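Here are some questions and answers on the backbone and the packing of one protein chain. Please keep the model open while reading.

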Amino acid sequence: MKFPHDFLFGAASAAYQIEGAWNEDGKGITNWDAFSKIPGKTFESTNGDVAIDHYHRYPEDIKLMADMGLESYRFSVSWARIIPDGDGAINEKGIQFYNNIIDECLKYGIVPFVTLYHWDLPQALEDKGGWVNKDIVNAFARYAEICYTAFGDRVKHWITFNETVVFCTLGYLNGAHPPGYVNDAKKYFQATHHVFVAHARAIQMYKSLKQYGEIGITHVFNPAYGVDEKEENQQAAFHANNYQTFWYYDPILKGEYPTYVIDALREKGLTPDWNEEELALLREMAGNNDFIGLNYYQPARVTKMDEPAESIAMDRDKSTGRPGNPSFDGYYRTVVMDDKVYTKWGWEISAEGFLQGLRMIKGRYGDVKLYITENGLGDEDPIIDGEIVDVPRIKYIEEHLRAVKLAIQEGINLKGYYAWSVIDLLSWLNGYKKQYGFIYVDHKNNLKRRKKLSFHWYKHIIATRGEEL
């Protein structure tokens, strides 16, 4: 079987991780510009001031994407490049930069797939409370409208937010991302609610403009499975899926929060400060999401903790995605299993867990259109005789594309696959030690770009529509 002709083969990036030019051409300061300068917050004090200098090298980078045969490029817009203080004057040079990116993609027939928010919040809004302050909903809706108006004649695929569970968990529970709060569950749940309402407002705005494209949101897809069939560990998986998946997917696709979580929050005094107007908007907009984007890297294998604790000490070391940590409420723990395969960073490689999770999504939400908006392998790529021989990445993506093909054959509505990442980039917590891209960036040689083995492999997959997988 070949992949259908309406299935998009793409790859992805994010503004802070590639652009650089952090204070050029009128761009405002972001939360990451500030946070990454705090000692100890990032690996070897790396930051996105220069990143891989995509801001100045985008013609070369997009030409390489075209050489690879990429059908679609998922990238994010930096809010602070468009509106430096988050809610004031528009920066026309920022608008022009993204117009250039979009036009360069279209020149080669590459479909632009735009993410509005990939974690880089204007610092001026962070200073006012960030995602805990209700005012941010109006600010985001205005930012979204500005982007739709500026780019919507050529951009027909929009993502509002990337991985709310990550920037809220690491920002309000683990202290590893801005604003750096630790174990503040009240702020955490409040922030997630404001993101969902902001998303709903952005959906409402987009539909009112009648630009005839599609819009959705991208979530982490981290399905939880009990380590065995014991009732307590199956309950741990149920608990994990409610808090880590359904809390994020239900308000978007069903217009309501999962009762299991709501009941627990009410009992603990953690219910977000919300009103009927906001809850009604979630209900009203639920049917207007055109798709859900799934970022899948690994499943969660969970076991129930014997003595649930009220508060768990979290820190940056517990924020890498490696199994072995308790949940924020101490109900369950993720574990490493002897019979599973793991990356150098301790992430499980499981195409089987991916396919099983896709079935769970269809079972709960029906025939919703899905894009795999991130999937890939973080590794230290071997260089042999001057060639970047990233065979483990090829094997990883191959396994997961096979799972995507099986899912499509089962009738799951999957319409695209975006590898993470199109090019080596700055990792939020791991600096440049960990590579994900098809294109190598040589930090010892003026950021020179080079094609990896996976570049040529993915080019062949696209050209043959994955027939040989």
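## Backbone and packing in a predicted model

Q: Where does Glu44 lie?
A: This is a predicted model. In it, phi of Glu44 is near 55 degrees, a positive value in a residue other than glycine. Glu44 lies in the loop between α2 (31–35) and α3 (54–68).

Q: Is Glu44 buried or exposed?
A: The cut-off for exposed is over 50% relative accessible area. Glu44 has 63% relative accessibility, so it counts as exposed.

Q: Is Asp53 buried or exposed?
A: Asp53 is found in the loop between α2 and α3, and it has a positive phi of about 60 degrees although it is not a glycine. Buried means under 20% relative accessible area. The relative accessible area of Asp53 is 15%, so Asp53 is buried.

Q: Which residue does a cis peptide bond join to Pro178?
A: The bond in question has an omega of about 10 degrees. The partner sits in the loop between α8 (164–172) and α9 (185–209). That partner is Pro179.

Q: Which residue does a cis peptide bond join to Trp420?
A: Omega of this bond is about 10 degrees. The partner's place is in the loop between β13 (414–420) and β14 (439–442). The residue joined to Trp420 is Ser421.

Q: Which backbone oxygen does the side chain of Asn31 reach?
A: Asn31 is found in helix α2 and, at 4% relative accessibility, counts as buried. Not counting residues up to four places away in sequence, Asn31 touches several residues, among them Tyr117, Trp119, Asp120 and Pro178. Its side chain reaches, at 3.4 Å, the backbone oxygen of Trp119.

Q: What distance separates the C-alpha atoms of Asn31 and Leu121?
A: Along the chain, Asn31 and Leu121 are 90 residues apart. Leu121 is nevertheless one of the residues that Asn31 touches. Their C-alpha atoms are separated by 5.4 Å.

Q: Which element gives the largest share of the largest nonpolar core?
A: In soluble globular proteins, nonpolar side chains tend to be buried together. The largest nonpolar core here has 149 residues, and those with the most contacts inside it are Trp79, Trp131 and Tyr458. The largest share of this core, 13 residues, comes from α9.

Q: How many residues does the second, separate core have?
A: This core includes Ala224, Ala300, Tyr331 and Tyr332. It is separate, and its number of residues is 8.

Q: Which glycine is in contact with Tyr458?
A: Neighbours within four places in sequence are left aside here. The contacts of Tyr458 then include Phe9, Met68, Leu401 and Phe438. The glycine in contact with Tyr458 is Gly10.

Conventions: Residues are numbered from 1 along each chain as its sequence is written. This is a predicted model: local features need pLDDT of at least 70, side-chain atom pairs count only at pLDDT 80 or more; totals for chains, interfaces and linings use all residues. Side-chain values use heavy atoms; hydrogens and water are left out. Helices (H or I, at least four residues) and strands (E, at least two) are DSSP runs, numbered from the N terminus. Buried means under 20% relative accessible area, exposed over 50%, partly exposed in between (1.4 Å probe, protein chains only). A nonpolar core is a set of buried Ala, Val, Leu, Ile, Met, Phe, Trp, Tyr and Cys residues joined through side-chain atoms within 4.5 Å. Contact means heavy atoms within 4.5 Å. A polar contact is a pair of N or O atoms within 3.5 Å; within protein, one must be able to donate a hydrogen and the other to accept it, and residues adjacent in sequence count only if both atoms are side-chain atoms.
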